[in-house]
Amino acid sequence: MARHPHRRYEVLDTFEPFSQVDDVFSRSRWDPAVHSDATERFYSTYRRPLTDWRAAPGFTQHDYALRNASWHVTDIFAEMYEAADRRDGFLDPLSMLRDGADDKLEPESPEIAAAQIKDVAKVFGADLVGITEHDERWIYTERYSSQTGTAKSNDLPAGLTSVIVIGQSMDPDLVRTAPSALSGTATGLGYSQDAAVLLGVAQYIRNLGYEAVPSMNDTALAIPFAIKAGLGEYARHGLVITPEFGARLRFGKIFTDLPLAHDQPKTFGVKEFCEECDRCAKACPAQAIPHEGPVPVALNRSGLKGVNKWSVDGEACFGYWSKINTDCAICVRICPWTRDYSKSWNRLWRRLAGTGLRSYLLKLDDRLGGGRRLKPNDWWAARRRPASVWARLSRSSN
Ligand code: SF4
Ligand code: SF4
């Protein structure tokens, strides 16, 4: 088997494609090793705000009310066809699409078509767009059926040639309140915005006469496609760090047969930085992030076999989410690459982070308290202040 062209995420001869049945979220439904009363409660909090659990800031009814509202749009898609054993966006591709044109509009060239797709995606609200070739290795061997609790087929149309990877940045101030139900609002908004952009771009491609399958967590692994599409580099916390947003974003994808030019993977010093930094591993309350180097073995059945990479323990990570009744983004908040690159100092930091000055930068960032948590009550209080005060508060704490 050909190796992955990106040396930060090296595919070995022992590689085995992944089944979504083994994904930790699927296992939380069927596998007693992951499923528990805590996981049941975790999911139930997404349907009704907890009012009787904690009064801790960031975990109140007010926080859950906001978080759950942010998920509302994507929940509608996920629940629309549950009776037909579909969970659009999570276990099945988004399917709210019209038929496209019967005739194919020939693009002037794959390069022009790729540039147009990127423009359209950005007009529709995408923050990042990259395009890569279709790669069967990252397609799930099977989907998970929430109705039967077993596998079902993962059918895609024949002849797909490209994958458009779309990045949706998450709200920086909400992420800074992690861990909290309040910070989960950034996740829900990311998904809801992703769904709207993916559906719009997919419908545009269908209107040109081509296949387009919009996908969120379903159908395939997103991270290897995001790396191949040149959006960023793989990092110790198991996420992709992009030059524009660090790891503060979500990825969606569209599978298509529209002829498109492909982007190339890029490196800008993340691997070398992670080799000297283990801030995320130290900060992870579940000890799910490795302090050591990459390994080619799966830590448990939710891991990928035969890819030499930093491997995060999905069982431990999800166990912590269940314990706190919301998703956690401590590793995103704490990562020195998570910063506001609209500021010239942070753009300079990014440039220097890819050089031999990285250890100095890391020490400086530690000393300045980089990645510290924004108190959820301060996030709410800032909403009651005039905008200029909030802007000053944001500036001083970045
Ligand atoms: S916190 Fe440090 S080690 Fe972890 S992903 Fe970010 S740069 Fe890499
Ligand atoms: S999301 Fe939280 S629990 Fe999971 S790996 Fe990151 S820091 Fe650890």
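# Questions on a predicted model

Student: Does T219 count as buried or exposed in this predicted model?
Tutor: The model is predicted, and its cut-off for a buried residue is a relative accessible area under 20%. T219 lies in the loop between β6 (212–215) and α8. Because its relative accessibility is 0%, T219 counts as buried.

Student: What is the value of phi at T219?
Tutor: Most residues other than glycine have a negative phi. T219 is a residue other than glycine, yet its phi is positive, with a value near 70°.

Student: Which residue in the loop between α11 and α12 has a positive phi?
Tutor: The residue lying in that loop is N325, and at 0% relative accessibility it counts as buried. A positive phi of about 60°, although the residue is not a glycine, belongs to N325.

Student: Which peptide bond is cis?
Tutor: Most peptide bonds are trans. In the loop between α6 (172–175) and α7 (184–207) lies P179, and the bond that leads to this proline has an omega near 0°, which makes it the cis bond from A178 to P179.

Student: Which helix gives the most residues to the shell around ligand 2?
Tutor: The ligand is surrounded by C284, I289, C317, Y320, W321, C328, I330 and C331. Two helices, α11 (314–324) and α12 (330–334), each supply at least two residues of this shell. With three residues, the helix that gives the most is α11.

Student: How many residues of the shell around ligand 2 are nonpolar?
Tutor: The shell includes cysteines such as C284 and C317, together with I289, Y320 and W321 among others. The shell holds no polar and no charged residues, and its number of nonpolar residues is eight.

Student: How many residues apart in sequence are E133 and K228?
Tutor: The side chains of E133 and K228 meet in a salt bridge, with 3.3 Å from N to O. E133 lies in strand β2 (residues 128–133), whereas K228 lies in helix α8 (residues 223–228), so the pair ties together parts whose separation in sequence is 95 residues.

Student: Which partner of that salt bridge is buried, E133 or K228?
Tutor: A residue counts as buried under 20% relative accessible area. E133 has a relative accessible area of 41% and is therefore partly exposed. The other partner has a value of 5%, so the buried one is K228.

Student: Which residue forms a salt bridge with D366, and how many residues apart are the two?
Tutor: The closest N and O atoms of D366 and its partner R279 are 2.7 Å apart. The pair links distant parts of the chain, since D366 is in helix α14 (residues 358–367) and its partner in helix α10 (residues 279–283). At 47% relative accessibility D366 counts as partly exposed, while the partner, buried at 11% and 87 residues apart from D366, is R279.

Student: How wide is the arc covered by N346, W349 and A353 around the axis of α13?
Tutor: These three residues are buried in helix α13 (residues 344–353), while S344 and R351 are exposed on the other side. An α-helix has 3.6 residues a turn, so residues three or four places apart point the same way. The buried residues lie on the same side of α13 because they cover an arc of only 50°.

Student: What is the relative accessible area of M96?
Tutor: Together with I76 and M80, M96 forms a nonpolar patch on the surface, with about 250 Å² of accessible area together. M96 lies in the loop between α4 (72–80) and α5 (110–123). It is partly exposed, with a relative accessible area of 40%.

How values were computed
Residues numbered from 1 in each chain as written. Chains lettered and ligands numbered in written order. Predicted model: local features only at pLDDT ≥ 70, side-chain atom pairs only at ≥ 80, totals over all residues. Heavy atoms only, no water. Near = heavy atom within 4 Å. Helix = DSSP H or I, 4+ residues; strand = E, 2+ residues; numbered from the N terminus. Nonpolar A, V, L, I, M, F, W, Y, C, P; charged D, E, K, R; others polar. Patch = residues over 30% accessible without salt bridge, like charges linked within 9 Å, V, L, I, M, F, W, Y side chains within 5 Å. Areas by Shrake-Rupley, 256 points an atom, 1.4 Å probe, with all protein chains shown as cover. Salt bridge = Lys/Arg side-chain N within 4 Å of Asp/Glu carboxyl O. Buried < 20%, exposed > 50% of the residue type's maximum accessible area, 1.4 Å probe, protein only. Arc of directions from axis to C-beta.
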